[in-house]
Amino acid sequence: MHVLTIICFALLAASAPRPMVPHLGLQSSVPAKGDTVREALREMQLTFTQAIELRYTQVTTVSTRGDTLPGSLEESGSEQRAVLVRLAEPLTDGGFTVTWRTAGADGHVVSGNFGFTVVGVRPVAPVDSGRPPTGYRLPPEHQVPPEHREVVDVNLRAAAVATRWLNYALILVLTGGVAFWSILTHKAAALGQEYVQSAWAVMRWTLVLAAIASLLLAVLRLALQSSALHGAQATWDMNLLVSMVTDTRWGQGWLLVVSGAIVLLIGSVNSNVIHGLARAVAAAGVAFLVIGSPLAGHAAAVEKWQIGSIAIDGLHVLAAGLWIGTLACVLFIGLPIALRISAYTSLAVLVRAFSSLALVATGTVVLTGSISAIVHLTRISELWQTDYGQTLGLKLLAVAGTGATGIYNWRRVQPVLGTEISTVRLRRSATIELTLALLVLLATAFLVAMPTP
C-alpha cells in the first residue's frame, strides 16, 4: 500500500499543471541561431530564462577563420536576464559562432553556442590574416575549434557528481546520528545502560568523524565550484573566492553547511549520551545543514517562490536524514552491538522507536518530493522523454524499492525481533534497504545538476 502511495504521488506530481520554472538557459538572441544578417553588426543581445550573474558570464565571438573578435559585455534591462555584447568593430561578410557561458543564483554553470552569417556587408579595409577567405556558410561542427563548441556541463563531471553524492551522504549520516542519539536518550531505561553506553561510544565518534569529513569535503566542493565559475587557473584566487562565498546563493549554502558541521562537531566531541545541551547544539548544526543544502540546487534558482521552494527542499533533506541516516546508524551501530553483547531485546526496542520515526519521515519525503516534481515537470511524458525525467524515474523506482523493503522490515521482521536469528534477518533486509537508498542519493546527485525540462 505504501509503495502504491509513493508511485501515485509521483505520477500525480508529474501530470499536475504548474507554473513555468525553466532551468537557466538561453531564451533568445539577436541575431538568432542560423540568422542571416544583411547589415553591419555592431552589437548582439543574449536573453536568458532566469536572472544571471554578470561577473560569471562570458560571451566569445569567433569567425570562420578562427579569429576571436574583441568586444565588451554589459547588463541589458532591469531583470538581470539579458546581456549586451558591444563589438570593437562591426561584423562584415562571413560566418560567426557565438559561445556563451554563465551561472545563475544556484551557482549552476551552463553554456552553449549558436551561429549566424553576415551577408552583403563588405569590410571597410581588407584584413590579410594569411589565411584563405571563406564563404558565407557556417562551418561544420567538426571544423569549429573545440573551445568554441558546446561546452561539457562541468556540474555533471564525475568528480562533481561524486563530491555531491558524498556530501549528501554525510548530511544524512549527521542528521540520522543526532536522531539516533535522541532515541538512545529517550529510551535509555528500556534499552539498558550497557547497550546505551556501548552504542553512544560508537555514535559519538561517528558524528565527530562525519563532521570532520564534511569539513574536508567542503574544501573540495569550494575548489570545484570556483574552477567551474572562474576557470582552473583562478581556482584559488582569494578575491574571487570571497566574492563567490559571500555574494552567491551557492556560497551562502556552503557557509551554512560548513557552520553546521562545525556546530555538530562542538556538540558531539565532549558530550555524554544524556547531555541535553550538547544534543541541542548538535540539532542546531543539523538545522544549518538542511537549510544550506538546497541553496546549491534547483530550489535556489526559483525566482517567484524561492523561499517556499528552499523550505520544501530543506524539509525533504531533513526527512531523508531522519529515515535513511538513522537507518544507517541502526544497521552499523545498534545491530552489531546487539549481536556482540546479546542485547536482542534492546535492539527490538530501538527498532520499534526508529520505525515510528521512519514512517513519518517516509511520508514527508514522498510529499516534499512530489511538490518538487510539480515544480520541475510540466507533463508526465517528460519522465521518459527527457534526461531529467528519466533520472527522476530511476530515483522514484529506487525510492519505491527502499520503501518496500522498509515496509517488509516493519511488518515481518520487527514483530519477531528479540532473538539472534531475527537480528541476523534484520541485518540482511536493512542492508538491502540502505543500498537502495544510496542509489537514491546517486540519482539526486545527478538531478541537482541536470537542466529541468
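**Note on a predicted model: sheet, helices and one residue**

1. The sheet in this predicted model is built from five strands, which follow one another in the order β2-β9-β8-β4-β5, and it is an open sheet with mixed pairing. At its edges stand β2 (36–37) and β5 (68–69), and because each has a single partner strand, one side of each is left without a neighbour in the sheet. As background for a first reading, strands of a sheet pair through backbone hydrogen bonds, and they may do so either parallel or antiparallel.

2. Within that sheet, the pairing of β4 and β8 can be followed residue by residue. Strand β4 covers residues 58–63 and strand β8 covers residues 94–103; the two run antiparallel and are joined by six bridges. One position to find in the structure is Val59, which stands opposite Trp100 in β8.

3. The sheet also has a helix lying across part of it: helix α4, made of residues 193–230, lies across β8 and β9 (109–118), and its direction makes an angle of about 150 degrees with β8.

4. Turning to the chain as a whole, one counts twelve helices and nine strands. Of the 453 residues, 50% are buried, and the exposed surface of the chain comes to about 21100 Å², with carbon and sulfur atoms supplying 63% of it. Among contacts with a separation of 6 or more, 75% are between residues 24 or more positions apart.

5. A helix pair deserves a careful look as well. Helix α2 (residues 158–186) and helix α8 (residues 306–341) have axes that come within 6 Å of each other and cross at roughly 70 degrees, and an angle in the range of 65 to 115 degrees counts as roughly perpendicular, which is therefore how α2 is placed relative to α8. The crossing of α2 past α8 is right-handed. On the α2 side the contact includes Ile171, Leu172, Val173, Gly176, Gly177 and Phe180, while on the α8 side the residues include Leu318, Gly321, Leu322, Gly325, Cys329 and Ile333.

6. Is Val173, a residue of helix α2, buried, partly exposed or exposed? Its relative accessibility is 25%, and since buried means under 20% and exposed over 50%, Val173 counts as partly exposed. Leaving aside residues up to four places away in sequence, Val173 touches Thr206, Ala210 and Gly325. Val173 and Leu322 are 149 residues apart along the chain, yet their C-alpha atoms are separated by 8.9 Å.

Note on methods
Residues numbered from 1 in each chain as written. Predicted model: local features only at pLDDT ≥ 70, side-chain atom pairs only at ≥ 80, totals over all residues. Heavy atoms only, no water. Pairing = 2+ DSSP bridges. Helix = DSSP H or I, 4+ residues; strand = E, 2+ residues; numbered from the N terminus. Contact = heavy atoms within 4.5 Å. Axes fitted to C-alpha atoms, helices over the stretch in contact; angles between N-to-C directions. Buried < 20%, exposed > 50% of the residue type's maximum accessible area, 1.4 Å probe, protein only. Areas by Shrake-Rupley, 256 points an atom, 1.4 Å probe, with all protein chains shown as cover. Parallel < 35°, antiparallel > 145°, perpendicular 65-115°, else oblique. Left-handed = near helix turned anticlockwise from the far one by under 90°.
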